[in-house]
Amino acid sequence: MENPEIARVFHEIADLLEIKGGDLFRVRSYRNAALIIDGLEDPLRSLYGKNGVEGLKHIPGIGESTRSKVVEMLTTGSCAFHDELLREIPAGVLEMIRVASLGPKKAAMLHKELGISSIDELEKAAREERIRDLPGFGEVTERKILKGIEALRLISGKWKISTSLRYGEVFSDYIKTVPGVYEIVLSGSLRRWKEEVGDLDILATCRDPKAVMERFLSHPEIRDVLAKGETKSTVVLKSGLQVDLRALDRQSFGAALQYFTGSKAHNVAIRDRAKRMGLKVSEYGVFDSATGKRVAGSNEEEVYKAVGLPWIPPELREMRGEIEAAEAGRLPVQLKTEDIKGDLHVHTNESDGGFTLEAMAEGAIKMGYEYIAVTDHSKAVVIAHGLDEARILAQMAYVDDFNRRLQKKGERFRVLKGSEVDIRADGTLDHSEKVLCALDCVVAAVHSGFGMKKEEMTARIIKAIQTGLVNIVAHPTGRLLGERPPYEVDMAAVMDEAKKHNVALELNSCPERLDLNDMHLRLAKDKGVKIAISTDAHSINHLQNIVYGIHTARRGWIEKKDVINTMPLKGLMRFLKKG
Ligand code: DGT
Ligand code: CA
Ligand code: CA
């Protein structure tokens, strides 16, 4: 089994245990294991293959019992504990907890009391008004359930970018071993770094397409083969993800890559443009319409050049003005990984993070950063063990001491004293003015009352900004992809206020959040609002999620100069100065 599959099994075990009313600590440890495996760079398969169980021991956050299940899955392809749980609780009930407003407890009750074990049965029961009479449910919940089902149907069939990327890597590695393979590229919406993708599109250039297809179709994760051809096949994996593979010769690689990267709308515009120039663009190349002679096709630059344009980065190919900008030589300067100098939203085990401040700092140094801001939760977020005044003052003293030790060692790296301070329902902040003034980096965020009316939520966040004590508003819309819709808020009004008070808005790079999204980022850019690209890391591995932020920023036309954490420490400190 591959990492994404193993992570999925652990996620499901956590959910199933929670539905059963199991020990919350245990639930959490499975959920953590899933997150960690999801973010792992190396396939567990190869770690295990190289060194056996020993190879798995250095992975932080994977304990004895999860490790043995990993080994079981790697060697047998399934997990007996997971199977056993699924015999007790039907998979349909598991799906039910994805309906917003239905937690595990409520799902378990619906199953027990009304025998409901699928989304369809749930919808029927709600329509027949059979749910409202259960203790703790009522009419409002019933209506919310119907709304939640509707929302779920809209998002299902979409895959998080991080999950799709892992699957993409799994298949790239798998196909790579065929002799005579030159290149393997993930195209489609994944190459455009859309936050969620419908299916995976893989291109391979090779000497022998037949051998590539054979290898692809023999992958053990495949559930169904939908189409099988010499150069193109489509399969569905056990997880439900669809994968398209196209094998081509090198000559048409550029044209095919351009075509299969999309978006459809962008392609249509490029083709129309070509037509006006007497050219024909297809997935096989660019041809002279009159003579049929091939004029370009082996690489993408060539294809764009043939239609009189500079190469357009995939993230921009959404028909949002990129062709006009390319024509006018005004494409945004691409933000690069190395432009990011530090992470301004990082948790430690002082609140709900998994690692010590030292470990997170070490991880950040390995990323090549100059700084991080440690931003643990404030006391209102009880579930995350948020810090009260005494604890944050102690942490601040500790950070000062830690920095002194770094300085002594001659390290340039610095830890900024920060907080992810809760914006309370009334717009006040969850730390005293004294504490907030003494912090280097105040990240403020909403963690409760997501159902507020738009005007109230807007006023709440604006009030926090107006205190003059906030540097960054974190995950400004509060959405969790596939789980929780954004709360209602007038983002344009928030941005105007942020600009006025020199407050940056966060692009939270966590692949479940990506908040602000591409469209909001574009609006921020237009308004001249600064952005902080942060990971909200709860573990060392999460620091690497910054890539999702960088590419999402590119989708929002954000450039280096718009991002505060591209500044070296000195410039950043000037920006963070309050008052
Ligand atoms: P997705 O999978 O829904 O997240 O989005 P895409 O963009 O990956 O779409 P997909 O997988 O249906 O097709 C991959 C690319 O192939 C798409 O971005 C553009 C190209 N393509 C597919 N169908 C058409 C078409 O009918 N016309 C044109 N011009 N391009 C197409
Ligand atoms: Ca696709
Ligand atoms: Ca496709």
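**The surroundings of ligand 1**

Biologist: Which residues come nearest to ligand 1, of the 14 around it?

Modeller: The model is a predicted one. A residue is counted as near ligand 1 if one of its heavy atoms lies within 4 Å. Of the 14 residues around the ligand, those that come nearest are Ser189, Arg192, Gly198, Asp199 and Asp201.

Biologist: Which residue offers a polar backbone atom to an oxygen atom of ligand 1, and at what distance?

Modeller: Two aspartates approach ligand 1 with side-chain atoms: a polar one of Asp199 is 2.9 Å from a ligand oxygen, and a polar one of Asp201 is 3.1 Å from a ligand oxygen. The backbone contact with a ligand oxygen belongs to Gly198, at 2.7 Å.

Biologist: How much of ligand 1 does the protein bury?

Modeller: Polar contacts to ligand oxygen come from Gly198, Asp199 and Asp201. Ligand 1 taken alone exposes 590 Å², and the share of this area buried by the protein is 72%.

Biologist: Which helix gives the most residues to the shell around ligand 1?

Modeller: At least two shell residues come from each of α11 (188-191), α13 (253-261) and α14 (264-276). The greatest contribution, 3 residues, is that of α13.

Biologist: From which domains does the shell draw at least three residues each?

Modeller: The protein is divided into domain 1 (3-155), domain 2 (159-248), domain 3 (253-327) and domain 4 (337-576). The shell residues comprise 3 nonpolar, 7 polar and 4 charged. At least three of the shell residues come from each of domain 2 and domain 3.

Terms used. Residues numbered from 1 in each chain as written. Chains lettered and ligands numbered in written order. Predicted model: local features only at pLDDT ≥ 70, side-chain atom pairs only at ≥ 80, totals over all residues. Heavy atoms only, no water. Polar contact = N/O pair within 3.5 Å; in protein donor to acceptor, adjacent residues only side chain to side chain. Areas by Shrake-Rupley, 256 points an atom, 1.4 Å probe, with all protein chains shown as cover. Helix = DSSP H or I, 4+ residues; strand = E, 2+ residues; numbered from the N terminus. Nonpolar A, V, L, I, M, F, W, Y, C, P; charged D, E, K, R; others polar. Domains from an automatic or database assignment.
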